[in-house]
Amino acid sequence: MRPSSIDISELRLTALTIYDAAVARAHPSGCLPQHLPPAPERGRLILLAAGKAAGSMTALAEAHYLEGGLPPERLTGHAVARHGYTAPTRLIPMVAAGHPVPDEGSVASAGRALELAASATADDLVLVLLSGGGSANWVAPAGQLTLAEKRAVTKALLRSGAPIGEMNIVRKRLSRIKGGRLALAAAPARLLTLAISDVPGDDPAAIASGPTVPDPSTMADARAIVARYGLDLPPAARALIDDDANETPKPGHPAFANSTFRIIARPADALGAARAAAGAAGYEVIDLGADLEGEAREVAAAHADMARRLKAEGRRAAILSGGELTVTLRGSGRGGPSQEYALALAIALGGEAGIVALAGDTDGTDGGGGEATDPAGAVIDPQTLTRAAAIGLDPARSLADNDSTGFFEALGDLLQPGPTLTNVNDCRVILIEP
């Protein structure tokens with residue numbers, strides 16, 4: 001029997017427990033070891049890792065092979081993760097690079113990965129460990145494009161509000177490693193990619209911009225995206241987008257004949273763990289799926305309506321969703337999609353009693369300035385707007401300025417787990433007590 005009064009602090013803790021369950025399910029320690037292949041009989045194991053989970057994936061893979069008897073001289077490779085997401089390794093060099101905007105570490109790491117892949121022989125196994133963030137961590141500007149110009153294009157794409165899939169279609173045309181081009185370098189060696197998916201639909205061509213798989217998108221698609229969002233590209237980038245000879249390798253290309261791609265953790269897996277945790281807490285689970293997309297504030301408004309309806313029906317429910325929302329920048333504040341969703345949700349709920357919500361990115365950081373200390377998201381409750389008013393915060397003004405971080409920081413309601421060393425997109429939890 002439930003208590004007659006609602007303990008808001010207990011609801012906030014329950015929401016956090018559900019989020020933690022989602023993150024734990026996606027950590028490489030629980031999903032990588034069983035997928036690691038046998039070491040090659042004669043040649044080298046060339047381990048290449050990129051993305052927010054690259055540190056934890058590399059450390060686990062290294063331990064697996066070295067403790068399994070692989071001579072150290074037959075293990076080589078390179079790993080790169082965003083700043084703050086590296087992990088201690090034994091043999092494989094592990095470096096940090098920028099995210100979401102690439103830096104010199106991104107360029108050096110991509111160059112080293114291409115060099116190692118090109119050195120592979122028929123006796124070698126190239127093992128690629130991919131996770132979200134790999135697009136920014138492996139950057140090899142094509143043609144006459146400079147890193148500064150590539151950074152400018154990335155920033156323009158981030159400001160545009162384009163979904164991550166569309167962003168990657170453009171970025172593949174500007175790169176020597178994305179869109180299947182790492183597989184071109186490794187051929188004809190045996191290539192296995194183990195990936196943690198952070199994209200709606202788990203499309204291999206979208207995870208880290210698909211460096212080891214055929215690219216089904218076209219130059220025409222990229223040009224249409226540039227036009228749709230009115231992107232002002234540098235001349236070197238425009239030349240690459242306009243050159244049909246710069247097309248990416250397609251399905252059936254011989255470079256993929258000896259290549260295998262396997263997803264080892266999905267957003268749906270994390271959401272399943274969240275679903276189990278919410279059910280164990282006694283909630284009726286309303287699962288909206290792991291692949292939600294859309295403008296953060298618009299999705300929040302729809303979810304607020306749903307939460308009110310469920311409460312009016314007297315249902316003790318948990319609304320769960322994953323996916324990756326977008327923010328079209330109109331102001332100059334700080335924030336990210338999860339925080340903006342939480343702020344818009346608080347405004348739309350208007351202090352509705354008995355509803356607590358958490359929105360967080362499973363990688364531990366949500367937008368912001370690209371620092372590992374950026375918050376993962378935020379938590380709201382029926383007192384959020386009241387407490388904001390008491391200290392002179394205007395939530396509508398904060399939303400208009402895209403300053404969700406400033407808003408929740410002042411309230412002490414930021415979600416700050418730190419780097420989780422995995423990434424399967426966002427987890428949103430709305431708990432409803434009638």
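**Cavities, a helix contact and backbone exceptions**

Mentor: Helix 11 gives three residues to the lining of the second largest cavity, the largest share of that lining. Helices are DSSP runs of H or I with at least four residues, strands are E runs of at least two, and both are numbered from the N terminus. This is a predicted model, in which local features need pLDDT of at least 70, side-chain atom pairs count only at pLDDT 80 or more, and totals for chains, interfaces and linings use all residues. Residues are numbered from 1 along each chain as its sequence is written, and side-chain values use heavy atoms, without hydrogens and water.

Trainee: How many cavities of 30 Å³ or more does the structure hold?

Mentor: A cavity is a set of points on a 1 Å grid over the protein atoms alone where a 1.4 Å probe fits but cannot get out, and lining residues have an atom within 4 Å of a point. Points are joined across faces, edges and corners, and volume is the space filled by probe spheres set on them. Here there are two of 30 Å³ or more. The largest cavity has about 70 Å³ of space, and the second largest about 50 Å³.

Trainee: Which residues line the second largest cavity?

Mentor: Among them are Ala22, Pro267, Ala270, Leu271, Asp426 and Cys427. Helix 11 (267-280) and strand 12 (426-432) each supply at least two lining residues. The lining has seven nonpolar, three polar and one charged residues. Ala, Val, Leu, Ile, Met, Phe, Trp, Tyr, Cys and Pro count as nonpolar, Asp, Glu, Lys and Arg as charged, and the others, Gly among them, as polar.

Trainee: Which helices each supply at least two residues to the lining of the largest cavity?

Mentor: Helix 13 and helix 14 (384-390) do. Lining residues of the largest cavity include Ala346, Leu349, Glu352, Asp381, Thr384 and Leu385. By class, six are nonpolar, two polar and two charged.

Trainee: What in helix 12 meets helix 13?

Mentor: Contact means heavy atoms within 4.5 Å. Helix 12 residues including Ala296, Val299, His303 and Arg308 meet helix 13 residues including Pro337, Glu340, Tyr341 and Leu349. The residues of this contact divide into 12 nonpolar, one polar and three charged.

Trainee: Where is the cis peptide bond that ends at Pro100?

Mentor: Most residues other than glycine have a negative phi, and most peptide bonds are trans. The bond from His99 to Pro100 is cis, with omega near 5°, and Pro100 sits in the loop between strand 3 (94-97) and helix 4 (104-118). Ala187 and Pro188 are also joined by a cis bond, with omega about 5°. Pro188 is in the loop between helix 8 (181-186) and strand 5 (190-196). Ser209, a residue other than glycine, has a positive phi near 65°; Ser209 lies in the loop between strand 5 and helix 9 (219-228).

Notes:
1 Å grid on protein atoms, 1.4 Å probe; cavity = no way out; pocket = protein on both sides within 12 Å on 5 of 7 lines; lining within 4 Å.
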